[in-house]
Amino acid sequence: MLTSVDTELIRVLADPLRLHIVTLLAQETLCTTHLVEETGAKQTNLSNHLKVLREAGVVDTEPCGRYTYYRLRPAVIEALAGQFADLAQTARATAEANLKRSCS
């Protein structure tokens with residue numbers, strides 16, 4: 001079953017720009033400059049979204065001179081995917097057993 005922590009992570013990933021950032025970071029480690037180029041977002045807007053992703057534990061940072069590189073934390077995505085897989089398995093078992101609550 002999904003917990004409140006998972007609900008928060010889903011909320012974080014539901015934003016289209018944050019999901020786009022996560023998709024880009026799945027392919028390579030990027031700095032803010034690269035992400036601005038790839039997304040077309042303004043740097044301040046992008047920085048705010050990256051802060052949300054950092055606070056949610058979705059990305060790690062790596063300082064490199066005056067730049068900060070961002071890296072996706074795959075374990076966080078895998079854990080969420082695993083919970084959705086468990087939810088799907090429960091739904092499949094419920095459907096196969098034809099479990100339903102009677103109305104009184």
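Just after helix α4 comes Gly57, a residue whose phi is positive, near 80°. The model examined here is a predicted one, and this glycine is a handy place to start reading it. The loop between α4 (43–55) and β2 (59–64) also holds Val58.

Val58 turns out to be buried, with a relative accessible area of 0%. Which residues surround Val58, once its neighbours within four places in sequence are left aside? The contacts are with Leu9, Leu13, Val22, Leu53, Arg71, Leu72, Arg73, Val76 and Ile77. Two of these partners will return below: Leu53 is one of the buried residues of α4, and Val22 is one of those of α2. Val58 can also be paired with Ala75, which lies 17 residues away in sequence, with 8.8 Å between the two C-alpha atoms.

Helix α4 itself can be checked with a little arithmetic. At 1.5 Å a residue, its 13 residues should span 18 Å, and the end C-alpha atoms are indeed 18 Å apart, so expectation and model agree. Within α4, the buried residues are Leu46, His49, Leu50 and Leu53. Around the axis they cover an arc of only 100°, and therefore sit on the same side of α4. Exposed residues Thr44 and Glu55 are carried on the face turned away from that buried side.

The same kind of check works for helix α2 (residues 16–27). Its twelve residues should span 16 Å at 1.5 Å a residue; the end C-alpha atoms are 17 Å apart, which agrees. Leu17, Arg18, Ile21, Val22, Leu24 and Leu25 are the buried residues of α2. Seen down the helix axis, these residues fall within an arc of 165°, so they line one face of α2. On the face turned away from the buried side, Pro16, Ala26 and Gln27 are exposed. At the start of this helix, a side-chain oxygen of Asp15 comes to within 2.9 Å of the backbone nitrogen of Leu17.

How do two helices pack together? Such a pair is described by the angle between the axes and the distance between them. For α2 and helix α3 (residues 32–39), the axes come within 11 Å and cross at roughly 115°. The crossing in which α2 passes α3 is right-handed. On the α2 side, the contact is made by Leu17, His20, Ile21, Leu24 and Leu25, while α3 contributes Leu35, Glu38 and Thr39. Among these α2 residues, Leu17, Ile21, Leu24 and Leu25 have already appeared as buried.

Note on methods. Residues are numbered from 1 along each chain as its sequence is written. This is a predicted model: local features need pLDDT of at least 70, side-chain atom pairs count only at pLDDT 80 or more; totals for chains, interfaces and linings use all residues. Side-chain values use heavy atoms; hydrogens and water are left out. Helices (H or I, at least four residues) and strands (E, at least two) are DSSP runs, numbered from the N terminus. The expected span of a helix is 1.5 Å times one less than its number of residues. Buried means under 20% relative accessible area, exposed over 50%, partly exposed in between (1.4 Å probe, protein chains only). The arc is that of the directions from the helix axis to the C-beta atoms. A polar contact is a pair of N or O atoms within 3.5 Å; within protein, one must be able to donate a hydrogen and the other to accept it, and residues adjacent in sequence count only if both atoms are side-chain atoms. Axes are lines fitted to C-alpha atoms, for helices over the stretch in contact, and angles run from 0 to 180 degrees between N-to-C directions. A crossing is left-handed if the near helix is turned anticlockwise from the far one by less than a right angle, and right-handed if clockwise. Contact means heavy atoms within 4.5 Å.
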